[in-house]
Structures are given as structure tokens and as C-alpha cells.
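This report walks through one model, from long helices to single residues. Keep the structure open while reading.

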Amino acid sequence: MDQSQALIEATHVKKDFHTGEVTVHAVRDISLTIGRGEFTAIVGPSGSGKTTFLNLVTGLDTPTAGEVRLNGKLISGMSGNELSDFRRDNIGFIFQAYNLIPVLTVEENIEYVMMLQGVPAEERHRRITDILKDLGMENYHDRFPNKLSGGQQQRVAIARAMVSRPSLILADEPTANLDSVTGGELLDMMRRLNQETGMTFVFSTHDQHVVDRARRIIILEDGVNVREEKGKG
Amino acid sequence: MFYIKMAMRNIFRNSKRTFLTGLIIGVGLASLMFMDAMTVGMKQNLIASVTSTFLGDAQIHAQGFQATTNSALTVQQAPQLVGRLRKDAAVRSVTERSMSLGTASSAAGVESIVIYGIAPDTESDISQIDEALEKGDYLETGGTGGVLLGTTLADRLEVGLGDRIVLTVSQAASGDLSQNLFRVRGIFNLGIKELDESVAFITLPESEGMLGIKDGIHEIALTFHDPHYAIEHGDAFKERYSRFGNVAQPWFDLVPQIKSVLDMTDFAVGIMIVIVFAVIVFGIVNTLFMSLYERLFEFGVLRAVGTRSFRLGVLIVTEAAFLALYAIVIGIVLGLALNLFFQVVGIDYSGIEFAGATFRNRIYTVLEIRQFTLHPLLIMGFTVLVSLYPARHAARMKISRALQRSL
């Protein structure tokens, strides 16, 4: 892959956890590159290191050894505030349990990251209107999360992740709490948005529906990326 | 603004817990307000018990008189001094007294006593002798031959109204004994042991005559318009009137043990306030930590999407400030109700002796501005201060650990 097209570059990344005298090698040695605009699934059994690896990629944790570059920037050397700003501007998160802020309305949840970015109010509202319309949620802007179904909450979570226009969307088991029809609809929606916007989507998943839609599948086992497959998506 | 909105809504996410915490802090604040108001009331009552019974807010004597009770040591330039005091805007009333050691004899026995010569009209503005009469009448200006005795003294002398007693004193200049026959005109009960068992009051001219100190007095007693004047401006008063060989003393110099008791009371109340504050502070920290651990994942999400640790800390401190504000409203309502109730009803300590003084009236709470400003501000300040601990904890948490359930 042309290095200028690489969004994530992980080089011999390792991560150990120490519990008392026991050391757990959560990530033993992962080297991989994910390009811009990819729609990639990282799969593997529990304990394979998916979560830890994604934490390292997004700067939520620091590697014991190795380097992680995102958008060409070495993130393992950044300070706390630099990492916060970097995540704010470059990464959108979609969590398994949606994890919208319960005291904020749909509109406010989506607005939050843009507010952190310093996007002017008028522009924020324009983007919120557009994305809610795009996701079929335009009539729910003033609802609080507890008044929405799981599928609707996950749509809002997608809107929140995308509205700040990050280069990477990281989705952790985004369909795990949804029925297969709703989950399938959301995956199709994300695939469409990936094609329309060119944003990179990386999924951590066990769900075959996600795997079926991915264009690239990275398989982890015991903290190592053992192989890759080309997806059907 | 966004964080204020979030903090406000977060406070009422768990409205039951917020109410209970607010109630705990509010009750703490109300108890602080009550303690303060009751202490002020108790101090005022104690000071009034001491000063209004007989002492006055301040006194002036000739230098050396109090140590020796030498009848020859009369107040210097007394008429000018009294005139000046009567023109002093801070002074409400002034009276002149003579004082000598002597004996009172009846058919039943002899008692060593202190004989005060008083000016009946002005004395009634200073002391409560007239109000404390259980039997008989008060002395009259220009009247002669009448004496007022305390209940205990009358019992010891076995005399009643109209009975005759002989008062004996040493004359100031010669030391010769001087005796006069008096009839018991009134029997008083001032509630102060020393006054009730060993004091007799006669008119000032008769006393001056017996002592041979024509127009001489031993004591000027006075009261101020403002009951706090002696404490706040006592030193200035002393400086102003301690002249010509006289010594001016506010009440706390005359009965220093009361001042010590008041200082000790302030100290004890201070300790109680610290304890109440400690309880409040632990309540706040507990609530904030409970809320923090409950929302750990949410904080992880906020941090993950780019919220700086400082902003997260600000959110928690803002929530604590709103919690304090809520509690302060509850506390002020409770405290005001409690203080207003006891301002009307009071607590009956009358007749109880404390530090050598007897409470003459019920103790009523005294409302002061600081109870509604200083104490709530302290609660707010402490709350914000202690919230820095959970705020720091949240700001420094490991995001990956907070998000462990998901990513």
C-alpha cells in the first residue's frame, strides 16, 4: 500500500498488563496498515487482543513497545491533551451500548464534539440537520436517549461519530445489542456513508453480518494478527 | 454554558439521591445557623444577666478603690464626669453610687454586708433592683430611713417589711464608726447569690452622710445604647474616661470570668462547626464518588470523544456547586424556620446559674446576616473545594479502563 494512503500504521506493537506478579501479554506483536476509506473488520475470539489493539490505535492506551501512527502522526508520544484533541478531530467512536450522554438530547449529543472542536453554532446546526435527515432521525432531535429505541440510539451514535468529520470511525460491536434486521440496516447505512464520504470504518466484532459486509477482515489470535482475508463487501 | 446545562441535568438524574444529599447538607447548614443564632442569644442573655441586674455596661471608680474599698477614695471630679457622660451620644443612662463595707444588725443577729448608696431615679435605668422587689416598695429620691435587703439577708436577720435594723460603717476620713437606724422598705430577689445575701441599698445622701463624704461617690455605673458597644469600643471608652485619677472599665474588665466563658463558648461552638462541616464534607465526597463510579463509563466516553481532562474536572466541580446551591436553599429554609420558631418561643433557662451569673430570661435565637451569608458561602466554598478530589480522580482516570466494558 502507498504510505501516503495509510491511515493507521502499527509497527510491532506490544502491550503487557501486570496483575500482581502475573504479566498478561494482551498484544504480542501486531504490525499492520489500514488505508484511507477502508471498511475493515477485526475479528477474533475473546482475549485475542482486539480491544487492546484498538485502544492502542486510538490513543486510549499506550503500547509497551512498538509504534502507532494515525494520519502519519506518532500517537504513542503525545501528551494527554494532545491525544484528547487528536481523538476529537480524527476519530469517531461507536460503542456497543450506544453510550449517548443521557442528560443531553439527540441534537446536543451530536453537537457536543463539534462544540469541542469550536465549530460555529450556525455550522453545527446545519450539519446536525443534514445528518439527522440522512439517518432518518430528523423528527427526534429534541428527544432524550431514554426515549429512543436501541436502533435509533445507535443511529444517533453514528451521527455523533461522523458529524465531526473524522478520518477514522471506530465501531465496537455496533450491532451486538440490536436485532438482526435493525443491525443489518445500520451496517448498510454505514457502508453507504463509507462509500459517500470516504471515511475509514474499522469494526471490532464477532458478528457475521459485519464480517459479511467488510471489504477486509483482519483475524487476531493470542495478540497476533495471524492472517487477513478479503471480505465480500 | 454547555457544561452548566449538563451539570444541572446531571444533578437531577438521580433526584432521590440528590434530595437526600441536599437534605443532609441542608440540615447541617440549618444546624450551623441554629447554633450560631442560639449562641448569640445565649451570650446576649448572659451579658444582659450580668450587666442589667446591677453592674451596668461600664463603671468608673477612683484609682485603687476596687482593690481596697477605701471609702476615702471617691471618684475625682465626679459632677463634671457625670455631666460629660450624660452628653456622650453612646451613653444611654448614668447613675452614681457610694459603696462601703459594714454591718447590718437586727434583734436576731449581725451580718457583714456591702452597703450601697443609690440615686433611686437614675438607678432604676441601670439596674433591676426595683423590678426584683418581692415585697415592699422601692426607695424614693429624698426619702430617708428606708433600706432594701436581699431575701437571704432578710431571712438571716429574721426581719420583714417595716422592721428596724441598724447599719454600721466606718467614716471615710476618721475611721470612726457611724450608725443609723433604718426600716426595711423592700425585700428583693435579684437572682445573684452575692447580692441577695450580703447587700443593702439606702439612698445616696444618707450613705454619704454616714460615711462623711459629702457629695462624694465611689462608683459611676452606666449603660450604652448599643449592647455591643462595650465589646466593640471598650478600649476607646477606657481611654476617654480614665482621667483625673479615675479608672473606667467596661463590664468585661469588671467580671473577666464572664468574658472568658464567652470566649470559651466561641471556641466550643467553633469546634462544633468544624465537626458539622466535616460531616457535610464527607457527605458530599461520598455522593460525588458514588455518582462518579456510577458514571465511569460515561466519563470514559466523554474523554474518548475528545473532552480534555480539565473540562471533565470542571464538569464535576460545577455539579458539586449546583448540589451545594440546592442544599443551601434547603438549609436556609430549614434554618430560617428553626430560628424564627425559637426567636418567638425561646428555650427556658431562666433561673439557671452559669459562670456565676443567672439567666434571668428565656434564651431566644438571634438572627444575624452572617447566618444567611457566611455559613452558606462556607458550605459552597467547602463543597467546591472537596469536589476537587473526585474531579481530579475522574480527570486522571485511565480511559481504557473506564471503557473496559465496551472497547
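The expected span of a helix is 1.5 Å times one less than its number of residues. The model examined here is predicted.

**Two helices of chain B**

Helix 14 of chain B covers residues 369-395, which makes 27 residues. At 1.5 Å a residue it should span 39 Å, and its end C-alpha atoms are 38 Å apart, so expectation and model agree. Helix 13 of chain B passes the same kind of check: its 37 residues should span 54 Å, and its end C-alpha atoms lie 53 Å apart, which agrees. Just after helix 13 of chain B comes B:Gly346, with a positive phi of about 70 degrees.

Where does helix 14 of chain B have a kink? The kink is at B:Leu388 and amounts to about 30 degrees. The proline B:Pro390 follows shortly after.

Which residues of helix 14 of chain B are buried? They are B:Gln371, B:His375, B:Pro376, B:Ile379, B:Thr383, B:Val386, B:Ser387, B:Pro390, B:Ala391, B:Ala394 and B:Ala395. An α-helix has 3.6 residues a turn, so residues three or four places apart point the same way. The cover over the buried residues of helix 14 of chain B includes helix 2, helix 11 (256-294), helix 12 (296-304) and helix 13 (309-345) of chain B.

**Domains and core**

The domain assignment splits chain B into domain 1 (2-50 + 259-402) and domain 2 (95-217). The C-alpha centres of these two domains of chain B are 55 Å apart.

The largest nonpolar core has 168 residues. The members that touch the most other members are A:Ala159, A:Met162, A:Ile169, B:Val147, B:Ala200 and B:Phe201. Helix 2 (residues 15-55) of chain B supplies the largest share of this core, 15 residues. Domain 1 and domain 2 of chain B each give at least three residues to this core. In soluble globular proteins, nonpolar side chains tend to be buried together.

B:Val147 shows what surrounds one such core member. Setting aside neighbours within four places in sequence, B:Val147 is in contact with B:Ile165, B:Leu167, B:Phe182, B:Val184, B:Arg185, B:Ala200, B:Phe201 and B:Ile202.

**Where the chains touch**

The contact takes 24 residues from chain A and 19 residues from chain B. On the chain A side, the elements giving two or more residues are helix 1 (50-57), helix 2 (80-90) and helix 3 (106-117) of chain A. Helix 2 of chain A gives the most, six residues. By class, the side of chain A that touches chain B has 12 nonpolar, seven polar and five charged residues.

**Pairs far apart in the sequence of chain B**

The table sets sequence separation beside C-alpha to C-alpha distance.

| Pair | Separation in sequence | C-alpha to C-alpha distance |
|---|---|---|
| B:Asn246 and B:Gly64 | 182 residues | 8.8 Å |
| B:Gln59 and B:Ala248 | 189 residues | 5.9 Å |
| B:His228 and B:Gly56 | 172 residues | 13 Å |

B:Gln59 belongs to strand 1 (residues 58-62) of chain B. Is B:Gln59 buried or exposed? It has 22 C-beta neighbours inside 10 Å, so B:Gln59 counts as buried. Beyond four places in sequence, B:Gln59 is in contact with B:Glu219, B:Ile220, B:Ala221, B:Gln249 and B:Leu254.

B:Asn246 sits in strand 10 (residues 246-250) of chain B. With 19 C-beta neighbours inside 10 Å, B:Asn246 counts as partly exposed, because buried status needs 20 or more. Beyond four places in sequence, the contacts of B:Asn246 are B:Ile60, B:His61, B:Ala62, B:Gln63, B:Val75, B:Gln76, B:Leu81 and B:Tyr241.

B:His228 lies in the loop between strand 9 (219-224) and helix 9 (229-241) of chain B. It is exposed, with 11 other C-beta atoms within 10 Å.

**Positive phi in chain A**

Most residues other than glycine have a negative phi. Two residues of chain A deserve a check on this point.

A:His12 has a positive phi of about 45 degrees although it is not a glycine. A:His12 is part of strand 1 (residues 6-19) of chain A. Its 12 C-beta neighbours inside 10 Å make A:His12 exposed.

A:Asn71 also is not a glycine, and its phi is positive, near 55 degrees. A:Asn71 occupies the loop between strand 4 (65-70) and strand 5 (73-74) of chain A. With 17 other C-beta atoms within 10 Å, A:Asn71 is partly exposed.

Methods:
Residues numbered from 1 in each chain as written. Chains lettered and ligands numbered in written order. Predicted model: local features only at pLDDT ≥ 70, side-chain atom pairs only at ≥ 80, totals over all residues. Domains from an automatic or database assignment. Core = buried A, V, L, I, M, F, W, Y, C linked by C-beta atoms within 7 Å. Helix = DSSP H or I, 4+ residues; strand = E, 2+ residues; numbered from the N terminus. Contact = placed C-beta atoms within 7 Å. Bend = angle between axes of the 7 residues up to and from the residue. Nonpolar A, V, L, I, M, F, W, Y, C, P; charged D, E, K, R; others polar.
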